[in-house]
2 protein chains.
Amino acid sequence: MADIQLDSHLLNFIVEQEYQPGDRLPTIAELGDHEHLNISVSKVREQLEVARALGLVDVKSQAGTRLKEYSFAPAVHLSLFYALATDLRYFEQFSALRTHVEVAFWHEACRLLTDADKDELRGYIEAAWGKLNAPRIRIPNDEHRAFHLTIFRHLDNVFVKGLLEAYWDAYAAVELNVYAELTYHREVWEYHQRILDAICTGDFDAAQEAYIQHTRLLHYPTRIQAGAEAHLAEKLPDTV
Amino acid sequence: MADIQLDSHLLNFIVEQEYQPGDRLPTIAELGDHEHLNISVSKVREQLEVARALGLVDVKSQAGTRLKEYSFAPAVHLSLFYALATDLRYFEQFSALRTHVEVAFWHEACRLLTDADKDELRGYIEAAWGKLNAPRIRIPNDEHRAFHLTIFRHLDNVFVKGLLEAYWDAYAAVELNVYAELTYHREVWEYHQRILDAICTGDFDAAQEAYIQHTRLLHYPTRIQAGAEAHLAEKLPDTV
DNA sequence: TTAGACATATTCATCTGATGAATATGATTT
DNA sequence: AAATCATATTCATCAGATGAATATGTCTAA
């Protein structure tokens, strides 16, 4: 336990007691009259709510409060979503960050991919094509998210992975707010195929280059406009 | 206002009401029996505490609650500090992210620097040398932080700037936990001089290269060890 | 014996109300 | 006009009550 001080009495307590992920914390009532932790139940609840919002703890009735594995994503998610709620144009900035980060850690991530991972990536591409070719159009968002996150799966950097996870949450959230063309998605998956092919031949530079090119398809932010939702509905009929 | 939904009733309320930075929110009591916001005072306080922790609002007695300008830094800071409190080795991961991000946005940031900024950078270098040469050793942490943040001052990306701000908060916090050699700091400022010189001649590539080299001096994480604090005290006598 | 239904106790969820502390504001004094 | 002071507002913190959810153990029936 390092000597880093946190604002929150409760968080300091959690760190000091060296609780591990999965461990059950004392009940709220117990924390409320814990001698070291000089705060009342209402204060405990306030700080527990912060910890919950940050994804540090799971708090359920009867099951009590359990410490979760550390992840950067919830904090980023929360702050980012607040920003997006006030102004969607923040997405462009976060998107720029995401692209640069993926590029920066690209080789390190690719090197760590196993054959099983590559098969999984292939699976996402196939599933995506299946969806795009189906009579009832479904945009393969899940596969898109999974494809990219899988590439960075083994990267040993919780912060990079947290940023990327939050990015995909935001991506899904803004999806309905933007002008999206169906053709866009087909092109994306052609690039994904190129990325995977290059990864499989070990040419990570080529994969990176294909990745960079494919991000150029992302020009959502400039397309945000009033009534985008209605427009999207029009572009996405139930059947084609 | 975009159609992004947040978990927090209060945050949604703030967004819906289109409060602007600086605006004063209703008092906690008023929020407690606001008809649209169906939560009691205790719930308001819990969610206000989350908003406060994320740096979204300033809440003071009598002055009430005011909305702040959006910043990514507090959320990053909070989550990062929690991570560091559980394990200092997380600093290495965040440091890697920081370095890659600074490199990625280097040119864009340098292009936006004004002559006044460059003078300011020069001032930090001079102040740092002054401190390092003073009989009473003071490590120029403030100048170090200011030097780097000034370079990215005009970058139009709240997320990049937030990450960097949080990095420097963490840097200061881990400083006492690590084995730091005094000579290290002199070398750093020689590199800073090179960076500034290159920026002034408009050779941003050279500046970036000098930046990358200077980050190699940062090998804090591998040096983290038990009793580092005592060791540091020994290395930092009041007078030399 | 086992699976499923059920009762119970624990724990969180939420609200109310009370008291104290901090401070912005306006009133008062010099 | 400036400085001091009193007051009312607002947050800070706590205690306690009630309700809802659910893990757990118990009981019943196949």
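**Protein surfaces facing DNA strands C and D**

The surface near DNA strand D is made up of 3 nonpolar, 10 polar and 4 charged residues. The model described here is predicted. Among the 17 residues around DNA strand D, those that come nearest are A:Ser42, A:Lys43, A:Gln62, B:Ser61 and B:Gln62. Sugar or phosphate supplies 75% of the atoms of DNA strand D within 4 Å of the protein, and bases supply the rest.

Both protein chains make polar contacts with DNA strand D. In chain A, an N or O atom in the side chain of A:Ser40 is 2.9 Å from a phosphate oxygen of the strand, and a polar side-chain atom of A:Gln62 lies 3.3 Å from a sugar or linking oxygen. In chain B, the side chain of B:Arg45 places an N or O atom 3.2 Å from a phosphate oxygen of DNA strand D. Two or more residues each are given to this surface by α3 (41-53) of chain A and by β1 (57-60) and β2 (64-67) of chain B.

DNA strand C is surrounded by 16 residues, of which A:Gln62, B:Ser40, B:Ser42, B:Lys43 and B:Gln62 come nearest. Of the atoms of DNA strand C that come within 4 Å of the protein, 70% belong to sugar and phosphate. The residues of this surface comprise 2 nonpolar, 10 polar and 4 charged.

Phosphate oxygens of DNA strand C are approached by backbone and side-chain atoms. A polar backbone atom of A:Ile28 is 3.0 Å from a phosphate oxygen. From chain B, an N or O atom in the side chain of B:Ser40 is 2.7 Å from a phosphate oxygen, and a polar side-chain atom of B:Lys43 likewise lies 2.7 Å from a phosphate oxygen of the strand. For DNA strand C, the elements that give two or more residues to the surface are β1 (57-60) and β2 (64-67) of chain A, together with α3 (41-53) of chain B.

The relation between the two protein chains was examined by superposition. Chain A is superposed on chain B by a rotation of 180° with 0.0 Å of shift along the axis, at an RMSD of 0.0 Å. The chains are therefore related as by a two-fold axis. Both copies use the same surface, since 100% of the contact residues of chain A recur in chain B.

Note on methods: Residues are numbered from 1 along each chain as its sequence is written. Chains are lettered from A and ligands numbered from 1 in the order in which they are written. This is a predicted model: local features need pLDDT of at least 70, side-chain atom pairs count only at pLDDT 80 or more; totals for chains, interfaces and linings use all residues. Side-chain values use heavy atoms; hydrogens and water are left out. A residue is near a molecule or strand if one of its heavy atoms lies within 4 Å of it. A polar contact is a pair of N or O atoms within 3.5 Å; within protein, one must be able to donate a hydrogen and the other to accept it, and residues adjacent in sequence count only if both atoms are side-chain atoms. Helices (H or I, at least four residues) and strands (E, at least two) are DSSP runs, numbered from the N terminus. Ala, Val, Leu, Ile, Met, Phe, Trp, Tyr, Cys and Pro count as nonpolar, Asp, Glu, Lys and Arg as charged, and the others, Gly among them, as polar. Copies are superposed by least squares on the C-alpha atoms of residues with pLDDT of at least 70 in both. Contact means heavy atoms within 4.5 Å.
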